[in-house]
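I have the sequence and the model open side by side. These are my notes from the lookup, in the order I made them.

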Amino acid sequence: MLNTTVNAATHDMEEGKVALVTGVGRAIGLGFAVARELATCGHTVILTGQDLSRTQHLADRLAAEGLSVCAVRLDVTDPATIAECVEFVRTSFGYLDVLVNNAAGGFDIDQSLLTADMARAHVAMDVNFFGPWHTCAAFASLLRQSSHGRIVNISSAAGSLTDGLTSPEIGDLMPGYSLSKSALNALTVKLANAFAGTSVLVNAVCPGETATHPETGDEQNARSPEESAKGVVWAATLGSDGPTGSFFRDGVRLPW
Ligand SMILES: NC(=O)c1ccc[n+]([C@@H]2O[C@H](COP(=O)([O-])OP(=O)(O)OC[C@H]3O[C@@H](n4cnc5c(N)ncnc54)[C@H](OP(=O)(O)O)[C@@H]3O)[C@@H](O)[C@H]2O)c1
């Protein structure tokens, strides 16, 4: 249950709204749970992923449940697919209400800062930082066409300057991933400034430890994607009096 003063912010009615989620490629991934929850709330949801056949299969599952969804290819590191997806949304709807930057890569828990393979660090930055930046820029005009545009950057406490980056348990591990999430947090603040004076609200959300890769065996205490998706949808459906340029988990503000 979301239970802070921030949660007292009103939430919009969702009927007729259009949402787009990146990185919807796995049935057990957070992106699929977010897409289902947004569609259940009444959004038309565009599921996007780098492998269209997998994303289409997931969209078909939601459509079979009576939800309003479609699938489009979008690789956040490929400008051509971003441009094609923008064109699809422009011609199909003419606006975009919700953009969830969920796609992520370069999870490097097995390497440390001073011996890091820089190629892997570049992958993390490309997918987790430059990807959302480029995607937000490309969809900016369609988000401004909405009277209640919302951007949710799925980040991680691993990138927090006062939490993950200084945590003795994490230490100098997963440098590419954690620093890419720090950069995504900083991007969130700058995006909020860039959209100041418009109706677009921009926030970062840490979903918390979520059991999306049970094959790794290290997620026994993690919660379900459905549970973690609630805090993402909370940020995606904030009313016009909601916060912008902040970092949350389950609607509770986190330190940068
Ligand atoms: N699970 C956790 O405990 C946890 C904790 C904190 C934050 N997060 C964040 O939550 C989000 C979802 O993660 P998850 O746990 O659901 O992991 P996930 O299933 O691995 O989700 C990442 C998705 O991003 C996709 N992706 C990778 N590169 C891409 C690209 N270039 N373009 C488009 N899509 C791309 C992957 O596609 P493929 O399926 O094709 O590989 C995958 O489906 C991520 O932003 C992650 O950093 C997760």
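Where is Asp250 found? I looked it up and put it in the loop between strand S7 (246–249) and strand S8 (252–253). A caution for the notebook before I go on: this is a predicted model.

**Two odd phi values**

I stopped at Asp250 for its backbone: phi is positive, about 55°, although the residue is not a glycine. Next I checked burial. Asp250 has 20 C-beta neighbours inside 10 Å, and 20 or more is what the cut-off asks for, so I put it down as buried.

Met174 went on the same page. Its phi is near 35°, again a positive value in a residue other than glycine. I found Met174 in the loop between strand S5 (150–154) and helix H5 (175–194). Buried or exposed, this Met174? I counted 25 C-beta neighbours inside 10 Å, so Met174 goes down as buried.

**The core**

I then pulled up the largest nonpolar core, which has 67 residues. The members that touch the most others are Val34, Ala35, Leu47, Val100 and Val232. Helix H4 (residues 118–145) gives this core its largest share, 8 residues. A background reminder to myself: in soluble globular proteins, nonpolar side chains tend to be buried together.

I followed Ala35 outwards. Leaving out neighbours within four places in sequence, I have Ala35 in contact with Val21, Val24, Val45, Leu47, Leu62 and Val69.

Ala71 was my next stop, in strand S3. With 23 other C-beta atoms within 10 Å, Ala71 is buried. Which residues is Ala71 in contact with, leaving aside neighbours within four places in sequence? My list reads Leu47, Leu52, Thr55, Gln56 and Ala59. I also took a distance from Ala71 to Val24: they are 47 residues apart along the chain, and their C-alpha atoms are separated by 9.2 Å.

**Helix H3**

H3 covers residues 79–92, 14 in number. From first C-alpha to last I get 20 Å, close to the 20 Å expected at 1.5 Å a residue. Which residues of H3 are buried? I have Ile82, Cys85 and Val89. Looking down the axis of H3, I see the buried residues fall within an arc of 65°, so they line one face of the helix. On the other side of H3 I marked Pro79, Ala80, Glu87 and Thr91 as exposed.

I also wanted the cover over the buried residues of H3. It includes strand S1 (18–21), strand S2 (44–49), strand S3 (69–73) and H4. Past H3 comes Gly94, with a positive phi near 85°.

**Helix H6**

H6 takes in residues 225–236, which is 12 residues. At 1.5 Å a residue they should span 16 Å, and I find the end C-alpha atoms 16 Å apart, which agrees. Why do I call H6 largely enclosed by the rest of the structure? I do because 9 of its 12 residues are buried. The buried ones in H6 are Pro225, Ser228, Ala229, Gly231, Val232, Val233, Trp234, Ala235 and Ala236. I checked what covers them, and the list includes S1, helix H1 (30–40), strand S4 (98–101), S5, strand S6 (201–205) and S7.

**Loops on either side of H6**

Gly245 sits in the loop between H6 and S7. I count 16 other C-beta atoms within 10 Å of Gly245, so it goes down as partly exposed. Not counting residues up to four places away in sequence, Gly245 touches Thr188, Val189, Ala192 and Val202. I took its distance to Val89 too: 156 residues apart in sequence, 25 Å apart in space, C-alpha to C-alpha.

Thr216 lies in the loop between S6 and H6. It has 10 C-beta neighbours inside 10 Å, so I call Thr216 exposed. From Thr216 to Gly94, 122 residues apart along the chain, the C-alpha atoms are separated by 42 Å.

**The ligand**

Last lookup. I have 26 residues around the ligand, and Gly23, Gly25, Gly29, Ala103 and Ala104 come nearest. How many residues of this shell are nonpolar, polar and charged? I noted 9 nonpolar, 13 polar and 4 charged.

Note on methods:
Residues numbered from 1 in each chain as written. Predicted model: local features only at pLDDT ≥ 70, side-chain atom pairs only at ≥ 80, totals over all residues. Core = buried A, V, L, I, M, F, W, Y, C linked by C-beta atoms within 7 Å. Helix = DSSP H or I, 4+ residues; strand = E, 2+ residues; numbered from the N terminus. Contact = placed C-beta atoms within 7 Å. Near = placed C-beta within 6 Å. Nonpolar A, V, L, I, M, F, W, Y, C, P; charged D, E, K, R; others polar. Expected span 1.5 Å × (residues − 1). Arc of directions from axis to C-beta.
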